[in-house]
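Please find below a colleague's note on the structure shown here. The points proceed from the whole chain to individual charged pairs.

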Amino acid sequence: MRRPAAKKIAADDAASGDTPAGDVFDVENPGDLVETDDGEVRAPGRFAPSIARAKTFIGWARQYERTLSAFGMVAGFVTDNLMFRRIDLPNTQAIFAGYLTLAAASIAGLHFLERRAREGRMYARWRALFPMATQFALGALWSGFLVFYSRSAVVTASWPYLALLTGFFIGNEILKRYHARLVFTSVLFFFAVYSFSIVTVPVYTHTIGRWTFLASGFVAVGVLILFLYLLAEINRAQFVAARGKIALGVTAVYIAMNVFYFTNTLPPLPLALARVGIYHAVKKTGDTYQAQGESEPWYTRFGVAPVIHVAEGQPLYAYSAVFAPIKLSTRIVHVWRRYDPKTGHWLRVSTVGFAINGGRDGGYRGYTVKHNPQPGDWRVDIDTSEGHLIGRIAFKVERVAAAPPGVAETVK
């Protein structure tokens, strides 16, 4: 039955007794009384102003939905970048696990309501909350993964995977209506579990490398199998109809992740380059490293290779600090390369490796030396022992008669 329209009654009319006899109004402000078209006078309720304000806010939010979504996406990424310091901290692990649990529960919940609909029951009014929860959980996961993977990536080498991850992060909002579809959300859930396993399994095995990566894939597949078994128990008919497409999507994700890894496109998480620099001298003093460098122009902060002035016979030092989780020990390699303008290739000049141990916030520190580098374009790649690129620094060497005065610096 349609609720009759209402109009305001002036406060003095209500106070003068013009309302129907015998009606008693328990309100603080008589001016809030309303009269309906059928002559009934009543109070709208103590929560009417709050409800009206809520409706106004919802209307405003719907009007600017795209702007608010874009702002929320950027704000969430910035917040994650500030909040997530280390992948091996228990609170970070708990947050990621919570997001994955919420995603799994919301997908399963909507799957359950779909079964009820097939049985002829009415949809619950709160059905729309499940796709929203899935979108929120997956969006938070993409944001967190983008933070950690970008910290451990060299854009020129890892851009395909970073582009894919960024696409998921942005597309999570654009394709929000697809979060109600079982195939779409199941495949995204597997990608999220796989990405989480890659950075989490090394934290608990204290190892990194090819076999650890393969173990991460097995863990992700195991979690997916349990999840799909749950979906089959909740709504077998819908699951059977969708399992072929789910299998194709999951297989494509699994193959893509392995291609990314074995082509050195996937960043070598949980390792991350905390600091890197080229200096004229580096010396360890106690628990600190003292370096002698050159003052660099401001534009080198934006990725422009600095110019290092070197006298005849003078060496250069490559300093790096590589973060690794607690109790993880591995080897890294400094690969010195010089660009050959005749062939257009970077030639390997020297390779020096050393062991690192995890746990230090600022990363495990070390340096290598190149004696009498020739003029030209140079770079030092910081790789894992299997050749996965952790970080890189490029610079240009210019020959001078006498070395410039050094700038003392304490590197941490």
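The numbered points below concern a predicted model.

1. Overall composition. The model is a prediction, and its fold comprises 9 helices and 14 strands. The protein has 412 residues, of which 42% are buried.

2. Contacts along the chain. Among contacts with a separation of 6 or more, 73% are made by residues 24 or more positions apart.

3. Surface. The exposed area of the protein is about 22700 Å². Carbon and sulfur atoms account for 60% of that area.

4. Salt bridges in general. Side chains of opposite charge can pair when their charged atoms come close. The structure contains 8 salt bridges. The points that follow take up three of these pairs: Arg-236 with Glu-233, Asp-287 with Arg-365, and Arg-379 with Asp-381.

5. Arg-236 and Glu-233. These two residues form a salt bridge in which the closest N and O atoms lie 3.3 Å apart. How accessible is Arg-236? Its relative accessible area is 48%, and Arg-236 is therefore classed as partly exposed, since that class ends at 50%. Glu-233, with a relative accessibility of 46%, is also partly exposed.

6. Asp-287 and Arg-365. A salt bridge joins these side chains, with 3.3 Å between the closest N and O atoms. The pair connects distant parts of the chain, the two residues being 78 residues apart. Asp-287 sits in the loop between strand E5 (281–285) and strand E6 (288–293), whereas Arg-365 belongs to strand E11 (residues 364–370). Is each partner buried or exposed? Asp-287 is exposed, with a relative accessible area of 57%, while Arg-365 is buried, at 11%. The bridge thus has an exposed partner in Asp-287 and a buried partner in Arg-365.

7. Arg-379 and Asp-381. The side chains of this pair form a salt bridge with an N to O distance of 3.4 Å. Arg-379 has a relative accessibility of 14% and counts as buried because this value is under 20%. Asp-381 is likewise buried, with a relative accessible area of 3%.

8. A shared network. Which residues are joined to this last pair through shared partners? Salt bridges with partners in common link Arg-337, Arg-379, Asp-381 and Arg-392 into one network. Within that network, Arg-379 and Asp-381 are both buried.

9. Points to inspect in the display. The reader may wish to view the Asp-287 and Arg-365 pair, which links distant parts of the chain, and then the network that includes Arg-337 and Arg-392.

Technical notes
Residues are numbered from 1 along each chain as its sequence is written. This is a predicted model: local features need pLDDT of at least 70, side-chain atom pairs count only at pLDDT 80 or more; totals for chains, interfaces and linings use all residues. Side-chain values use heavy atoms; hydrogens and water are left out. Helices (H or I, at least four residues) and strands (E, at least two) are DSSP runs, numbered from the N terminus. Buried means under 20% relative accessible area, exposed over 50%, partly exposed in between (1.4 Å probe, protein chains only). Contact means heavy atoms within 4.5 Å. Accessible areas come from the Shrake-Rupley method with a 1.4 Å probe; for residues, only the protein chains shown count as cover. A salt bridge is a side-chain nitrogen of Lys or Arg within 4 Å of a carboxyl oxygen of Asp or Glu.
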